Amino acid sequence: MSADTPEELAGLRAAGRVVAQTIRELRKLVRAGITTAELDAEAARIFASHGARSGPRLDYDFPGTICISVGDEAVHGIPGPRRLRDGELVKLDVTAELNGFYADACRTVAVGKAKPSALKLIGAAESGLKRGMAAATAGATVNDIGVAVQGEVEKRGFAVCGALSGHGIGRKIHEEPTVFNVALPGPSPTLTEGLVITIEPIIAAGDGEVVEDGEWVVRTSDGSLSAHAEHTLVITDGAPLVLTA
């Protein structure tokens, strides 16, 4: 969607605040021994306290409030009885709907003391996100974002999972345009002022190829660690307005 009125922007900001608070609170709870179901229950509690609802459940009947992916799970991990272990990486992918508006963000968190290589992977995803956001200005193209993300991630020695991407958002989770994390040939949509998108580098320590595992989960095909960083933002004629910070 395009946020064209003060009321629309206010609605998006409110949804973004719910997402940001949920991620902040869940990060405090991440520790060895907690289950992903327990983290999901806390997300549900926070959503309910704001009158928000789970975007993935509303739009896709996802069997959880949020997506929680661990280790080689790149996206769409289903909360359940799995207990987190020291050194693992857990991705907290939170999408909230509030009064008809959606916002979406993800952070990758190390459980306890992770290996330096795993922390570097998290850093590369976060840095890729920052580079992508810096390229996201009115008049630029979606491909400019992909060039920025891919260049930063590969410079740090990791691979982008090119089959996975960001997207437009606002009245549904997934809207146009698709926001690729890699450089693609050919014409690319122009970013316009007010456009609401997510930028979300999903990267791997291996070759970046992914495979579906069941109905929901997407894993790295080589079993390598994955990291994911994401914000929802509004395009402006300068730096984008980040809604989920």
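**Group meeting talk: helix pairs and a few single residues**

Let's start with one residue. G132 sits in helix α4. Keep in mind that this is a predicted model. Is G132 buried or exposed? G132 is buried, because its relative accessibility is 0%, and buried means under 20%.

What does G132 touch, once neighbours within four places in sequence are left aside? The contacts are I145, A148, V149 and I199. There is also a long step along the chain here. G132 and N181 are 49 residues apart in sequence. Their C-alpha atoms are separated by 8.3 Å.

Now step back to the helix itself. Helix α4 covers residues 116–134. Its partner is helix α5, residues 142–155. The two axes come within 8 Å. They cross at roughly 150 degrees. How do the two helices run relative to each other? An angle over 145 degrees counts as roughly antiparallel, so α4 and α5 are roughly antiparallel to each other. Their crossing is right-handed.

Which residues make that contact? From α4 come A124, S127, G128, R131 and G132. From α5 come I145, A148, V149, E152, V153 and K155. So our opening glycine, G132, is part of this contact. By class, the contact has 5 nonpolar, 3 polar and 3 charged residues.

Next, another helix pair. Helix α1 runs over residues 6–29. Helix α2 runs over residues 36–50. They pack at an angle of about 145 degrees. Their axes are 10 Å apart. What is the handedness of the crossing of α1 and α2? It is right-handed.

Look at who meets whom. On the α1 side we have V18, Q21, T22, E25, L26 and L29. On the α2 side we have L39, E42, A43, I46, F47 and H50. This contact divides into 7 nonpolar, 3 polar and 2 charged residues.

Now the whole chain. How many helices and strands does the chain have? The chain has 5 helices and 15 strands. Its radius of gyration is 17 Å, close to the 18 Å that the globule rule gives for 245 residues. The chain is therefore as compact as a globular protein of that length. Along the principal axes, the C-alpha trace spans about 45 × 40 × 30 Å. Of the 245 residues, 56% count as buried.

One more number for the chain. Take the contacts with a separation of 6 or more. Residues 24 or more positions apart account for 68% of those.

On to the backbone. Where is the cis peptide bond? It joins E176 and P177, with omega at about 0 degrees. P177 lies in strand β8, residues 175–179.

Two residues have a positive phi without being glycine. Take D61. Its phi is near 55 degrees. D61 sits in the loop between α3 (55–60) and β2 (67–70). D61 is exposed, because its relative accessible area is 62%, and exposed means over 50%.

Then H76. Here phi is near 65 degrees. H76 is in the loop between β3 (73–75) and β4 (89–98). At 33% relative accessibility, H76 counts as partly exposed.

Two leucines to finish. L164 lies in the loop between β6 (159–160) and β7 (166–168). Is L164 buried or exposed? L164 counts as buried, at 14% relative accessibility. Not counting residues up to four places away in sequence, L164 touches A74, V75, N181, I202, V210 and V218. Note N181 in that list. We met N181 earlier, paired with G132 at 8.3 Å between C-alpha atoms. Now pair L164 with I23. They are 141 residues apart in sequence and 21 Å apart in space, C-alpha to C-alpha.

The second leucine is L241. It sits in strand β15, residues 241–242. L241 is partly exposed, with a relative accessible area of 24%. What does L241 touch, leaving aside neighbours within four places in sequence? L241 is in contact with L9, R13, T232, L233, V234 and T236. L9 and R13 fall within helix α1, residues 6–29. As for L98, its C-alpha atom and that of L241 are separated by 19 Å. The two are 143 residues apart along the chain.

Conventions:
Residues are numbered from 1 along each chain as its sequence is written. This is a predicted model: local features need pLDDT of at least 70, side-chain atom pairs count only at pLDDT 80 or more; totals for chains, interfaces and linings use all residues. Side-chain values use heavy atoms; hydrogens and water are left out. Axes are lines fitted to C-alpha atoms, for helices over the stretch in contact, and angles run from 0 to 180 degrees between N-to-C directions. Helices (H or I, at least four residues) and strands (E, at least two) are DSSP runs, numbered from the N terminus. Angles under 35 degrees count as roughly parallel, over 145 as roughly antiparallel, 65 to 115 as roughly perpendicular and the rest as oblique. A crossing is left-handed if the near helix is turned anticlockwise from the far one by less than a right angle, and right-handed if clockwise. Contact means heavy atoms within 4.5 Å. Ala, Val, Leu, Ile, Met, Phe, Trp, Tyr, Cys and Pro count as nonpolar, Asp, Glu, Lys and Arg as charged, and the others, Gly among them, as polar. The radius of gyration is taken over C-alpha atoms; the globule rule is 2.2 Å times the number of residues to the power 0.38. Buried means under 20% relative accessible area, exposed over 50%, partly exposed in between (1.4 Å probe, protein chains only).
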